[in-house]
Amino acid sequence: MTIELAAAVAAIGAGLAITGGAIGTGMVQASVGSAGIGLLAEKPDQIGIAMLFLVIPETLVIFGFVIAVLILLGAGII
Amino acid sequence: MLRTVPMQKIRIVALAGNKYQIIRELQQMGVIEIKRSGLGLEDDEVLNQITEVSELLVKFRSALSFLKAPKNKNNKIKQVQQLEQAELLKRCKATKEVEEINSLVEKKRTLAEHVKGLESGLASAALFEDMNVDFGKLGSKGLAFRAFIADPASTSKLKHLISEKRIRSEIVESRKDNKLVLFLAFDASQRNALDEIVQPLSMEEVDITEGNLNAKPKDVILKLEKEKHTELDEIKQIEHRLAKIGEEHYIEIAGLAEMLDSEYDRSQISSNFKKTEHTFVVEGWVPKKNMQELYRRIKNATKQKCQMEEINDGELAPTLMSRPRLFSPFDYLVGFYSLPRSDEIDPTWFFILSFLVFYGMMVSDFGYGVMSLIFATILVRKFPEEGLMNSVARVWQLASIPIMVFGILSNQFFGISLAAFKGIMFIDWINNVPGLLTLTILMGITQIVVGLAFGFVNKYRHHEMKLAISKLTSIIVMIAGTLAVGGGLFGFMSSNTMPATVITIVAALITVALSGIEAVEFTNLITHTLSYTRIFGFGLASIIIASLIDKAFTPSLSGGIIPFILFAALFLLLHMMNMLLSIFEGIVQAARLNFIEFFSKFYTGGGEKFEPYHFTRRYTKE
């Protein structure tokens, strides 16, 4: 199986886009999650707010995903 | 549809003599949230009969707490009519069973305490069982007696110190259950000297002055055992009698207790009123739809001797949301974030619609939908109706329907595409990536534009015209911007993007001129729109994982029965895990898109829940 250089670079780029987003999301969620657990220990009724703040950083990985899809579309891989 | 239930603040003025009748009507209707009036009048007091009612209520509640409710298979209770107050008090005083229960319980408590004393006496007597000491004859002016539980080292040290300090004494030893028991007779005049010896030694003293130790230990044991059995029998008889009273009179006593509770509730609510010499004033919030009926009833109850008027003092009304029972858990979900204020748009219907669509799309599998429906129905039946779990399960139950619908539309049945359904396959997750990505972005644009429109209405209602217009110009920026970018990138609508671009720039400049905050929100318009692509991302991820499970673990009989069982178990387990992941993520993400991306365009929240004055009845009715 032969892969064109451009396609290979595009695929690596798409992978990097997702990876960056995922690492960023993970780092932020680690801080938000531990703070959220602290909040819940004091005020268990605040679970809605804690959950909401926890999922906000997931936007980063979504952006990574969108960029990856756009790269793959542009390169004609998908 | 997009508003909370309209409320009106009212003031009722009536003669003091009619106070009880009005309170009864207010409690029965349960439509007014009573607020302390701001009028400069004297605060009213609780009704006179509150002391008598509360004394009886304490007795009835106490009696009821010692009875077991009879088993009721159908959970149906024949409710009895609430009695008039005078008759109720008479009836309660005549209910002899309550006095009997309370005196039986008191007697049982005394007996139980006595049995505890007997057991302690038995334990002490048992320690000396092997000693031939008659505790009844220990009384002597010259001699004193003490007993200890000690270890061998302490015992020999004690003996040594006694002989060293020359304390005239006699020690009797015996072993009982691996414990060394010492009985010590000594010269009463050397009590202090013995104390000095004993204190540093680690020995547990046994109280032999206890009243039960008054004969030889074996005789004491026999006597105490007999007494204990008699008293335990008596306790059993009391328990039997209480059970019988519970069987025969529980509902009656519970009904009377509930009536007293209702009377107590009525008696104390008047402390929230204001009064003059001959009249009293009640103020509170009432749903507008109930005002006529409330006025009619209080007029009837007071023979027209009352006045009801509307108050418009600018106070923010409490929030009451009204929805068919099927959708009521969504009110809970919105309230979980923040209750809408009564003067803003209630977005719950729009939330319900978009939540169900987003959630259905993200999970998108008919098989998962069926499984969700089964699990959710089990949870709904298992958890009590008012709790968090029940509300979440009811949301899940309802959401399983769009999962099935989107499952059919995308031809997904536990990750398998069925050839028979190819014809009605509208969503092709794997092969139509650009189309679905565009679709989710367009869904986001639609919801954000609706959010901005709601924001316009809220600001317009609050007469904040600059902000209202900036919401409108933001809508124009969204729509014209979409056409400009869409036209430029994908060529839809028109390839000439100039008009749309110009409109976008002009609308953006107007927005900046009108509101700095709205201008800062421009970046959010872009990021929030892109955020909706998560619907596509999660949907695609769920489907790819399901199809991978199918490819790798679909069980086949060709390899033999053991691999078949193994693969079948793995197949089910992995699909279950994928389903749980999709369902959990789906709920969180669908809620998040509404709460963050949609609500941030218009929602203030922080409404105060409408809590009407009412009394919940189980055993009685009016």
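In this predicted model, B:Phe148 has B:Glu205 of strand S8(B) as its bridge partner. That pair is a good way into the sheet around strand S5 of chain B.

## The four-stranded sheet

Strand S5 covers residues 143-150 of chain B, and strand S8 covers residues 204-206. The two run antiparallel and are joined by 3 bridges. S5(B) also pairs with strand S7 (residues 179-187) of chain B. That pairing is antiparallel too, and it extends over 8 bridges. Within it, B:Ala150 is matched with B:Leu180 of S7(B).

Which strands make up the full sheet, and in what order? The order is S6-S7-S5-S8 in chain B, giving an open sheet of 4 strands with antiparallel pairing. S6 and S8 of chain B each have a single partner strand, so they stand at the edges, and one side of each is left without a neighbour in the sheet. From one strand to the next, the twist averages 25 degrees.

## Two loop residues with positive phi

Strand S6 (169-176) of chain B also bounds a loop of interest. The loop runs between helix H5 (152-164) and S6, and B:Arg166 is found there. B:Arg166 is not a glycine, yet its phi is positive, at about 55 degrees. Is B:Arg166 buried or exposed? B:Arg166 is exposed, because 9 other C-beta atoms lie within 10 Å, and a count of 12 or fewer meets the cut-off for exposed.

B:His463 has a positive phi as well, of about 60 degrees, and is not a glycine either. B:His463 sits in the loop between H13 and helix H14 (465-490) of chain B. With 8 C-beta neighbours inside 10 Å, B:His463 counts as exposed.

## The two chains overall

Chain A has 3 helices and 0 strands. Along the sequence, its pattern reads α-α-α. Chain B has 19 helices and 12 strands. The table sets out the overall values for each chain.

| Chain | Residues | Radius of gyration | Compact globule value | C-alpha extent along principal axes | Buried |
|---|---|---|---|---|---|
| Chain A | 78 residues | 18 Å | near 12 Å | roughly 60 × 15 × 15 Å | 21% |
| Chain B | 622 residues | 40 Å | near 25 Å | about 125 × 90 × 50 Å | 33% |

What radius of gyration would a compact globule of 78 residues have? The value would be near 12 Å, but chain A has 18 Å. For chain B the radius is 40 Å, against a value near 25 Å for a compact globule of 622 residues.

The contacts can be sorted by separation in sequence. In chain A, 75% of the contacts between residues at least 6 apart join residues at least 24 apart. In chain B, that share is 82%.

## Where chain B meets chain A

The contact between the chains involves 16 residues of chain B and 13 residues of chain A. On the side of chain B that touches chain A, the elements giving two or more residues are helix H9 (328-337), H13, H17, H18 and H19 of chain B. H19(B) provides the largest share, 5 residues. By class, this side of chain B has 9 nonpolar, 5 polar and 2 charged residues.

## Helix H17 of chain B

H17 is one of the helices on that side, and its two faces can be told apart. Which residues of helix H17 (residues 522-531) of chain B are buried? They are B:His528, B:Thr529 and B:Ser531. These residues cover an arc of only 150 degrees around the axis, which puts them on the same side of H17(B). The general rule for an α-helix is 3.6 residues a turn, so residues three or four places apart point the same way.

The opposite face looks different in its residues' burial. Turned away from the buried side of H17(B), it carries the exposed residues B:Thr523, B:Ile526 and B:Thr527.

What do the buried residues of H17(B) pack against? Their partners come from both chains: helix H3 (58-74) of chain A, together with helix H13 (433-461), helix H18 (533-553) and helix H19 (561-598) of chain B. Helices H13, H18 and H19 of chain B also give two or more residues to the side that touches chain A.

Methods:
Residues numbered from 1 in each chain as written. Chains lettered and ligands numbered in written order. Predicted model: local features only at pLDDT ≥ 70, side-chain atom pairs only at ≥ 80, totals over all residues. Buried ≥ 20, exposed ≤ 12 C-beta atoms within 10 Å, placed from the backbone. Arc of directions from axis to C-beta. Contact = placed C-beta atoms within 7 Å. Rg over C-alpha atoms; globule rule 2.2 N^0.38 Å. Pairing = 2+ DSSP bridges. Nonpolar A, V, L, I, M, F, W, Y, C, P; charged D, E, K, R; others polar. Axes fitted to C-alpha atoms, helices over the stretch in contact; angles between N-to-C directions.
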